[in-house]
Amino acid sequence: MAAADRWRIRPGSPLTLAEVDTRGADGAPGDKDETIEATSLLTIRLAELQERLWAEGRRSLLLVLQALDAGGKDGTVKHVFRGVNPAGVQITSFKAPSEAERAHDFLWRVHARTPARGEIAVFNRSHYEDVLVARVTGLVPEEVWRPRYDAIWAWENHLATEGTEIVKIFLHISRDEQAERFRERLDDPTKHWKFRLADLVVRDRWDDYQRAYTEAIERTTTDQAPWYVVPADRKWYRNWAVSTILVDRLERLDPQYPESPDDLTGIEIT
Ligand code: AMP
Ligand code: MG
């Protein structure tokens, strides 16, 4: 079993988020410092694999990152991709949809940001918000959000068939850890921009969100587009886990440097 498989949610297996550890003692290569060291090596490996993917130019990778507020989506992107050539990575943060976006089907805006061949695309929030916040806050009625699981399933399957490797990660934090991170944001004026009063309204619906996440993950985890639930209370464990998953999936993809389209035999540079 690859190390990354410890966090993978298998199709058909029930998920109880409350029973999934948010600290993540398991599997780390050592203590905090040793794990950070191991993560640095994975960062270098990720950069190599991304260059191969880019050079090969046939396939792509889509990383979907979901979490509750203060779950660490931004920090994950910042740390995990720090070694990668920015030319080949496209990161999109999805906010509440604009009027133009709302005038289309819910997959329209995300489809426009999927990776081209050779690219890595990262979704910081995603089409899953349309079965999470949309469901919990009643933005749309059940007869609208419920069929979306099947729509997501079919759309992701389509992308995978066309050559996009899909990696979906839920950064799983505890309610206590969220409180801690909110307090840090409140206590530090340089972090006030990250904190909205509305975050507290969402926090009050904690159980509803856990339920919505559980159903979304159970209904849409597939062999081609699996979900991983990553313990995210400790940032160094989270960064190591996400790096491990990405390296695992890219190694399975095994992108190859292509031959030159030209015949280079006997060429001398004068
Ligand atoms: P943040 O991630 O803190 O920048 O906040 C982005 C906000 O956009 C969150 O409150 C999300 O719930 C909201 N959001 C993202 N996607 C959607 C969506 N499809 N429908 C409604 N709200 C959304
Ligand atoms: Mg926020």
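The following paragraphs describe the sheet of this predicted model and the helices that pack around it.

The strands include an open sheet of six, arranged in the order β1-β6-β5-β2-β4-β3 with mixed pairing. Its edges are formed by β1 (8-9) and β3 (89-93), each of which pairs on one side only. Between β3 and strand β4 (residues 120-124) the pairing is parallel and extends over five bridges. Within this pair, Q90 lies opposite A121 of β4.

Two helices that pack on the sheet are α7 and α11. Helix α7 (residues 148-161) touches β2 (60-67) and β5 (164-172), and its direction makes about 135° with that of β5. Helix α11 also packs on the sheet, where it touches β2, β5 and β6 (227-231); the direction of α11 makes about 165° with that of β5.

Helix α11 (residues 235-253) is further engaged by helix α2 (residues 73-80): the two axes come within 10 Å and cross at roughly 60°. Because of this angle, α2 is oblique to α11. The crossing of α2 past α11 is right-handed. On the α2 side the contact involves G75, T76, H79 and V80, which meet R238, N239, V242, S243 and L246 of α11. By residue class, this contact of α2 with α11 comprises three nonpolar, five polar and one charged residue. Helix α11 thus has contacts with β2, β5 and β6 of the sheet and with residues of α2, including G75 and V80.

Note on methods: Residues numbered from 1 in each chain as written. Chains lettered and ligands numbered in written order. Predicted model: local features only at pLDDT ≥ 70, side-chain atom pairs only at ≥ 80, totals over all residues. Heavy atoms only, no water. Axes fitted to C-alpha atoms, helices over the stretch in contact; angles between N-to-C directions. Helix = DSSP H or I, 4+ residues; strand = E, 2+ residues; numbered from the N terminus. Parallel < 35°, antiparallel > 145°, perpendicular 65-115°, else oblique. Left-handed = near helix turned anticlockwise from the far one by under 90°. Contact = heavy atoms within 4.5 Å. Nonpolar A, V, L, I, M, F, W, Y, C, P; charged D, E, K, R; others polar. Pairing = 2+ DSSP bridges.
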